[in-house]
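User: I would like to go through a structure slowly and ask how each label attached to it is justified. Could you show it to me?

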Amino acid sequence: MKELAINNGPRAIEGTLPSFRDASGRTFGEEETRHLREVMETGRLSFLTGPKTSEFERRWAEMYGVETAVAVANGTAALHVAVTYLNPDPADEIILSPITDVGTVIPILYQLAIPVFADVDPKTQNIDPASIERNITPRTKAIIVTHVYGHPADMDAIMAIARKHGLSVIEDCAQAHLAYYKGRLCGTIGDVGCFSFQQSKHMTTGDGGMVITNGDGRFGRNLRHCSDKGWPRERGGRDHLFLATNYHMTELQAAVGLGQLGKLKRFVDARITSADRLTELLAGVPVTPVLPAEGTVGVYFFYSFRVDPATLTVSVPEMMKALTAEGIDGFIGYPGPIPLYRYPLIREHRTFGNSGWPFTLDGARRDDFASALCPEAERACRETVCMWWTDRFEDRHVEQIAAAIEKVMTAYARA
Ligand SMILES: Cc1ncc(COP(=O)(O)O)c(C=O)c1O
């Protein structure tokens, strides 16, 4: 057996893998450049005067088969627009998974609603419908469902619970571009779908986001007004109907988005093909890949796999160090080795001055975020390796990734 790279042996991965961080793992071409040049040459950098943002929204709406798409500055903004659209009262509760980006919880806090963390299904690491139901109270207003790693959550069960209790559903599809749940596009099943085009996503505009819905206005607000200062510009003149911030996407972002959009299907398919190949290659290795559930098409934002610490002679962080030394680009646990509620923002209520709002509002639910609120999520964060994935992986990359994992798992296997 070859010596581990961490012990100065040869690396399993030669050179560096293609990465979302630069052109090695991102694909830009003449399309993006042409749109960008048009923006610059016309001098129209804002959606107020230029056509690109509207065109990007129209094409996204068409691709998703929805009535309304609003392009915004980033994925967190998309989720903030969605929560503003639902207009919770202060101390209303919104249920979410603790295995998600902090951008899922920030909008809840800014709207003074209380985040309530439901546990996850240990197999998919998506929010567990049974845990959602256990956490519903008379103050529950909505559920935000993150399709984590790009793999669809159990939407039939979640929508049935939402309907039974009169709750709204926001789908966080930041990692799930063109993911399908039982033949339906994720983002079109709940009331609102939110996307991110941040640098690492399936397609990117650097930063960027999109919010989609059918039946705009159903909740008494217009979706676009929620990203535009509560301003019904379409009526002409100046009026501000309610509190909402400015989350406009620029024409520069939209120009890149229009170029990327035409390639999105190809990007997603390439991620799936290379991920499927890795799953095949890992068949004999004692790791458990986190795979899309039956009846769904998952789109591999990360490629994640679970390890059983009891089978290792070293800790999971030490094993991760060895994987990194072999050339793997990854980390333990998402959003990190601890679930979202254990970060100081939530656990210590570091929000508005010293107020602790919304957690300290009268009548607000009081969860102890220092406790193991969601045991399955705690375990998943400790035992899951997430690897950055890109559409630019070729067979040779995937074979080297598999070899690196096999090498490390073999070296550290408990006899
Ligand atoms: C699941 C999830 N939700 C929300 C976000 C927030 O998106 P952004 O980083 O574009 O604000 C991200 C991206 O980082 C994400 O992966």
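Analyst: What follows is a set of questions and answers about the labels used for this predicted model.

User: Why is Lys201 called buried?

Analyst: Lys201 has a relative accessible area of 10%, and a residue counts as buried when that value is under 20%, so Lys201 is called buried. Lys201 sits in the loop between β8 (192-196) and β9 (209-213).

User: Which residues does Lys201 touch, leaving aside those up to four places away in sequence?

Analyst: Lys201 touches Arg26, Ala174, Gln175, His177, Ser196, Arg271 and Phe301, where a contact means heavy atoms within 4.5 Å. A UniProt annotation from an unreviewed entry, "modified residue: N6-(pyridoxal phosphate)lysine", covers Lys201 as well.

User: What makes the pair formed by Lys201 and an oxygen atom of the ligand a polar contact?

Analyst: A polar side-chain atom of Lys201 lies 3.0 Å from an oxygen atom of the ligand, and the limit for a pair of N or O atoms is 3.5 Å, so the pair counts as a polar contact. By the same cut-off, the polar side-chain atom of Gln175 that lies 2.9 Å from an oxygen atom of the ligand qualifies, and so does the polar side-chain atom of Asp172 that lies 2.7 Å from a nitrogen atom of the ligand. The protein covers 91% of the 390 Å² of accessible area that the ligand has on its own.

User: Which residues come nearest to the ligand, and which helix gives the most to the shell around the ligand?

Analyst: Of the 15 residues around the ligand, Gly75, Thr76, Asp172, Ser196 and Lys201 come nearest. Helix α3, which spans residues 75-86, gives the most to this shell, with 3 residues. Sorted by class, the shell has 3 nonpolar, 9 polar and 3 charged residues.

User: Why is Asn8 called exposed?

Analyst: The relative accessible area of Asn8 is 75%, and exposed is the word for values over 50%, so Asn8 is called exposed. Asn8 is found in the segment before α1 (30-42), and its phi is near 75°, a positive value in a residue other than glycine.

User: Why is Lys229 called partly exposed?

Analyst: Lys229 has a relative accessible area of 32%, while buried requires a value under 20% and exposed a value over 50%, so Lys229 falls in between and is called partly exposed. Lys229 is placed in the loop between β9 and α7 (251-261), and its phi, near 60°, is a positive value in a residue other than glycine.

User: Which residues of helix α4 are buried, and what do they pack against?

Analyst: In α4, which spans residues 102-110, the buried residues are Gly103, Thr104, Val105, Pro107, Ile108 and Leu109. The buried residues of this helix pack against α3, β2 (93-96), β3 (114-117), β4 (140-146), β5 (168-172) and α10. At the start of α4, a side-chain oxygen of Asp101 reaches to within 2.7 Å of the backbone nitrogen of Gly103. After α4 comes Leu112, whose phi is positive, near 60°.

User: Where are Pro335 and Pro358 found, and what kind of peptide bond joins each to its partner?

Analyst: Pro335 lies in the loop between β13 (330-332) and α10 (344-347), and a cis peptide bond with omega of about 5° joins Tyr334 and Pro335. Pro358 is found in the loop between α10 and α11 (375-383), and a cis peptide bond with omega of about 0° joins Trp357 and Pro358.

How values were computed: Residues numbered from 1 in each chain as written. Predicted model: local features only at pLDDT ≥ 70, side-chain atom pairs only at ≥ 80, totals over all residues. Heavy atoms only, no water. Near = heavy atom within 4 Å. Polar contact = N/O pair within 3.5 Å; in protein donor to acceptor, adjacent residues only side chain to side chain. Areas by Shrake-Rupley, 256 points an atom, 1.4 Å probe, with all protein chains shown as cover. Helix = DSSP H or I, 4+ residues; strand = E, 2+ residues; numbered from the N terminus. Nonpolar A, V, L, I, M, F, W, Y, C, P; charged D, E, K, R; others polar. UniProt positions renumbered as here; feature names shortened; annotations may be inferred. Buried < 20%, exposed > 50% of the residue type's maximum accessible area, 1.4 Å probe, protein only.
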